[in-house]
Amino acid sequence: MSARYHLRFQLHPGPDAAERAAELAAFCRESGVDEAVLLLGAEELYAGHPAGPAEDRLYETAATATAVLREAGLDVSLNPWVTAGHADRGRADRLGFAPMVGPAGDVAAAQASFACPRFRTWITGHYARFADLGLRVLWLEDDFRYHNHAPLTWGGGFEPAMLERLEALTGERVTRERAVSAVTAPGTPHPWRALLQQVWRTAQLEVAELIAKAVAERSDGRTQLGLMSSEPGVHSVEGRDWAALFDALSIDGRVSHRPHFARYGDAPGRELSFSLWMLEVQRALRPPYVRSEPEIENWPHTAWSKSDTQTWSELVAAQLAGSDAMFLNVHPMQSGRAGRFPKVAELLRRSRPALDHLAARAPGPPRTHGVALPVRQDAAAHVRTRRGGDLAELAVDPGPAADFLLRHGVPVTAEDAPVRVLFGQLARAFDDAELRRMLADGLLLDGTAAHILAARGFGELLGVSVEELVEREAVGEGAGTPGPYAMERVLPVAAAGESAGAYLSVNVQPALARLRPAAGAETWTEILTPDGRVWGAGRCVFTNGLGGRVAVLAATAVELLPYGDDGRELLHAMVRHLEGDRPTLPLVTGGPHLMPHLTRTEDGWRLAVANGSADPAEPRVHLPGEPVRTGGTLLSPLAVPEAVAAAADGRTVGFDRSVPHRGWLLLDWR
């Protein structure tokens, strides 16, 4: 089995469309591309929602190019540039659509409301017309959403027609100001939040169903739809029901997903943790029958925006996730000439050996294992805001927990597992029975989650009392406390190992939980003020009456904790403590930001470790038990995979090669 390349490329409408399509076909052949995804009227060539002669030109270009590309043996899909519209950027509506309206009352000039009948008629007819071409997939862009519609402050969804729908559900007069105030109000979520999310979800599903019905009829079932998505937290704010949306878009049980998972420009290597957890979480949110074709995008210009090394490392992450294809957007949008970019062809050719190696060894969806991440599509419905007025405050996801674990060498999974992590406001998204089940196994909590669980009546199962969440600016002598929190001192407990006596920083935490250990709890660190006085406990572990093991951090923003060897040693010790006497997880040391991806194989396990540091690393993998056999493979950027020696010393495995920046090391064992 080989990896698949699906290349998105924009052709310019005009008399040379056939010639440019032939040039694209030649590029695809020499680059190993299996499918061309045509992009028309996008970005620099976008003049607004196309209709009349403008739409005719796009259709004629698509028809001409499709014939040329098919003759060259390529599959063909089409990515119409907009649905509701990405951003105004000086464009104005010409078709009479009801515009999107933001929470502050700002009105879009070129972006349409999902509730607008005229827009619904246009988008249904637009997609149906292109379905005549019998394309494999017609893609819905990631503007098929409510958030991120510049220049609106958050996005749309506050149009008069939407507010009328909300009025029908509430039985009350609804203004935009009143709706925003209610939806974002601090404290217990106002009932209108769930009702507005219902309004948004329903309107979006109605449009999806109309498009799917029209495309199915016009293509006689030959064409399927595909959906690009963005970050799960903001989709949760919109009230998205992932299963219902994919069901609405399905044609004869077929639909594709293009998950966003990687930054569009250059980013530090540690950002690979974002790619790993985004792919894993979205895999859990979409139904199993949906094809996954993650988007690898260098925007706006090739290696000038993102290095080939970074692009390659993200391709590997996508293949490790069991993706059905790589959705490549690696040419300048406005170029129109595929042949002018031989270096892009070289990138794709040199990337293929590593991707084919992974595809051949692990066909199909992966069976991941690690510390279990909490995944709830309705998380935003349960968030309690602090300030009010800002819809972005409702967006929460497992990202902070996943980054914290992955960058410290701990694998994660969106599957259920004996050890779970629950940070921040996500603790509000689970019912009492679910929380009790988590507390009966291994559970890692931050200060916010511990505070929430204590308030919900689970305090005796945590091993600590959480007296309060103390905000940074509220701490001082005048507030009756022993000065501001500043450092975390590792106590001389057995689990601390060589880190005993070390100091860690909590100086930039926006708030800390004031923890008081209960009888039977073990305190591993304590929080100190700048003058060395004890402020409270920092990290505690406890075995509760359910037999569960709980670890609590005082920190409330783990993404702001400095990374380091001592912090990694503490976290690894906590994970091992939470696993109890039946450990299953490999833990990775040997350098900064060594990020693991763990899967089950037919006869054992595979661990892929990415080097997120710019320096070479020499990973050491600490297995849960002594291996029977081991084998290693080094995936260096843009190179052919190499076998490496993996030597086990008891439960620890080392290798005879270092791993370069953004390289991946594969360890197979049983």
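This briefing walks through the strands, a helix, the nonpolar cores and the aromatic pairs of the structure above. Keep in mind that the model is predicted. Its largest nonpolar core has 200 residues, and the structure also holds 16 aromatic pairs. Phe 114 turns up in both stories: Phe 114 is listed with the residues that have the most contacts inside that core, and its ring pairs with that of Tyr 146.

**Strand E7 and its partners**

- Let's start with strand E7, which covers residues 224-229 and has 6 of its 6 residues buried.
- In a regular strand, side chains alternate between the two faces of the sheet.
- For E7, one side carries Gln 224, Gly 226 and Met 228, the other carries Leu 225, Leu 227 and Ser 229, and both faces are covered.
- Strand E6 (residues 137-140) runs parallel to E7 and is joined to it by 4 bridges; Val 137 has Gln 224 as its bridge partner there.
- Strand E8 (residues 255-259) also pairs with E7 in the parallel sense, this time over 5 bridges, with Leu 227 opposite His 257.

**The open sheet with E23, E26, E30 and E29**

- Here we have an open sheet of 4 strands, in the order E23-E26-E30-E29, and the pairing is antiparallel.
- Which strands stand at the edges? They are E23 (587-589) and E29 (646-649); each has a single partner strand, so one side of each has no neighbour in the sheet.
- On average, neighbouring strands of this sheet are turned by 25° against each other, direction ignored.
- In the middle of that order, E26 (residues 620-622) and E30 (residues 652-655) share 2 bridges in the antiparallel sense, and Val 621 sits opposite Val 653.

**Helix H16, lying across the sheet**

- Helix H16 (residues 565-579) lies across E23 and E26, and runs at about 165° to E23.
- From first C-alpha to last, the 15 residues of H16 reach 21 Å, close to the 21 Å expected at 1.5 Å a residue.
- H16 is largely enclosed by the rest of the structure, because 11 of its 15 residues are buried.
- The buried set isn't just greasy side chains: Arg 568, His 572, His 577 and Glu 579 are among them, along with residues such as Leu 570, Leu 571 and Val 575.
- Right after H16 comes Gly 580, with a positive phi near 70°.

**Nonpolar cores**

- In the 200-residue core, the residues with the most contacts are Phe 114, Leu 422, Leu 444, Leu 445, Leu 453 and Trp 664.
- Helix H6 (residues 191-219) supplies the largest share of this core, 11 residues.
- There is also a second, separate core of 6 residues, including Leu 39, Ala 42, Tyr 46 and Trp 81.
- What does Leu 444 touch, leaving aside its neighbours within four places in sequence? Its contacts include Leu 405, Leu 422, Phe 423 and Ala 551, as well as Leu 571, Met 574 and Leu 578.
- Those last three, Leu 571, Met 574 and Leu 578, are buried residues of H16.

**Aromatic pairs**

- The rings of Phe 114 and Tyr 146 have centres 5.0 Å apart and planes at 50°, so this pair is tilted.
- Phe 114 lies in the loop between E5 and H3, and Tyr 146 in the loop between E6 and H4, so the pair ties together parts that are 32 residues apart in sequence.
- Buried or exposed? Phe 114 is buried, at a relative accessible area of 0%, and Tyr 146 is buried too, at 1%.
- Phe 404 and Phe 423 make another tilted pair, 6.1 Å centre to centre with 55° between the planes.
- Phe 404 is in helix H13 (residues 399-406) and Phe 423 in the loop between E14 and H14, so this pair links parts 19 residues apart in sequence.
- Phe 404 is buried with a relative accessible area of 3%, and Phe 423 is buried with 8%.
- Ring pairs also link up into a cluster, whose members include Phe 114, Tyr 146, Trp 122, Trp 154 and Trp 200.

**Ser 351**

- Ser 351 is found in helix H12 (residues 342-361) and is buried, with a relative accessible area of 0%.
- Beyond its neighbours within four places in sequence, Ser 351 is in contact with Tyr 5, Trp 312, Leu 315 and Leu 638.
- The C-alpha atoms of Ser 351 and Thr 309 are separated by 9.4 Å, with the two positions 42 residues apart along the chain counted as their spacing.

Notes:
Residues are numbered from 1 along each chain as its sequence is written. This is a predicted model: local features need pLDDT of at least 70, side-chain atom pairs count only at pLDDT 80 or more; totals for chains, interfaces and linings use all residues. Side-chain values use heavy atoms; hydrogens and water are left out. Buried means under 20% relative accessible area, exposed over 50%, partly exposed in between (1.4 Å probe, protein chains only). Two strands pair if DSSP finds at least two bridges between them. A nonpolar core is a set of buried Ala, Val, Leu, Ile, Met, Phe, Trp, Tyr and Cys residues joined through side-chain atoms within 4.5 Å. Contact means heavy atoms within 4.5 Å. Axes are lines fitted to C-alpha atoms, for helices over the stretch in contact, and angles run from 0 to 180 degrees between N-to-C directions. The expected span of a helix is 1.5 Å times one less than its number of residues. Rings of Phe, Tyr and Trp (its six-membered ring) pair if their centres lie within 6.5 Å; planes under 30 degrees apart count as stacked, over 60 as edge-to-face and the rest as tilted.
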